[in-house]
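Q: Could you take a close look at a single helix in this model, and at what surrounds that helix? I am new to the structure, so please define the terms as you go.

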Amino acid sequence: MSALRAALRPVCRMVGSTMQRTSTTHPTLLAPSLTAALPSSRRFFSQDSALVSALSNEIQHEDGAGSSPTLPGELSEFNYTMQGASIVLTKQFQGEKIVVELDLNNMTELAPSEEDPEETPPQYLPSFTIDITKSQGSLLFSCNYHMSNEEQNIDQYVISEVAYVAPGQNRLDAFTTDFGNLDYTLIEEFESYLHRRGLGAEFSSALFEWSSSVEHSNYVQLLKNVRDFL
């Protein structure tokens, strides 16, 4: 209350001086000043309701968009776990353990169509790793869906780096090389190696569509959580 008194003190002096000069001054003129000086939780709630309304409108607009984030048939060989924004798909292949990891927070938004940017729904491109492990160690492929040229299909992933991780070695300590700088024959053989393990074109398209759907579902859930928080 000391701060409020300090704020009102000049006003009181001014009113007192005015009342000495004329008896027609009305003390009720203080009401607007008092209202402005006092904190009002009701005013804050009224302002928050506009945000709640905007969130509800966005939820209504986005809730029905996109398909259900159920694992598609092309990925049915995988088991998957989801913890927050992290997704891990695993499967076995002839004594090898194959792990695909992607983080929804590291997805890049695809630029909208130049012809009709407002009508183009946002689409997000995931980056992910493929880890193929057996007793001799692991091969680690860093992959993404960023277009490297105009002829490349957007739903076909590209490999940016490849590394060999020795048994017991931290993957962060492993040497990596730029996949695009490899000899073209090596690039083709590595791609065939992944294809034989079910990590070819069908896998690529399915992961692209599914991860985009999961990202959208998480976006809508975020909106709902924020609305409920308010």
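A: The buried residues of α4 pack against four strands, namely β3 (96-103), β6 (127-134), β7 (137-144) and β8 (158-165), where contact means heavy atoms within 4.5 Å. Helices (H or I, at least four residues) and strands (E, at least two) are DSSP runs, numbered from the N terminus. The model is predicted, so local features need pLDDT of at least 70 and side-chain atom pairs count only at pLDDT 80 or more, while totals for chains, interfaces and linings use all residues. Residues are numbered from 1 along each chain as its sequence is written, and side-chain values use heavy atoms, with hydrogens and water left out.

Helix α4 itself covers residues 184-196, which makes 13 residues, and spans 19 Å from its first C-alpha to its last, close to the 18 Å expected at 1.5 Å a residue; the expected span is 1.5 Å times one less than the number of residues. Its buried residues are Ile187, Tyr193 and Leu194. Seen down the axis of α4, these buried residues fall within an arc of 120°, so they line one face of the helix, the arc being that of the directions from the helix axis to the C-beta atoms. The face turned away from this buried side carries the exposed residues Tyr184, His195 and Arg196. Here buried means under 20% relative accessible area, exposed over 50%, and partly exposed in between (1.4 Å probe, protein chains only).

At the start of α4, the backbone nitrogen of threonine 185 has a side-chain oxygen of aspartate 183 within 3.0 Å. Just after the helix, glycine 198 takes a positive phi of about 75°.

The strands beneath this discussion belong to an open sheet of seven, in the order β1-β2-β3-β6-β7-β8-β9, with antiparallel pairing; two strands pair if DSSP finds at least two bridges between them. β1 and β9 (176-178) stand at the edges, each with a single partner strand, so one side of each is left without a neighbour in the sheet. From one strand to the next, the twist averages 20°. Helix α4 lies across β2, β3, β6, β7 and β8, and runs at about 100° to β7, with axes taken as lines fitted to C-alpha atoms, for helices over the stretch in contact, and angles running from 0 to 180 degrees between N-to-C directions.

Within the sheet, β3 and β6 run antiparallel and are joined by six bridges; in β6, phenylalanine 128 is the bridge partner of leucine 102. Strand β3 also holds glutamate 96, which is buried, with a relative accessible area of 6%. Leaving aside neighbours within four places in sequence, glutamate 96 is in contact with Lys91, Ile132, Thr133, Lys134, Tyr193 and Arg197, and Tyr193 is one of the buried residues of α4. The side chains of glutamate 96 and arginine 197 are joined by a polar contact of 2.8 Å, that is, a pair of N or O atoms within 3.5 Å, of which, within protein, one must be able to donate a hydrogen and the other to accept it, while residues adjacent in sequence count only if both atoms are side-chain atoms.

In strand β8 lies glutamate 161, which counts as partly exposed at 34% relative accessibility.
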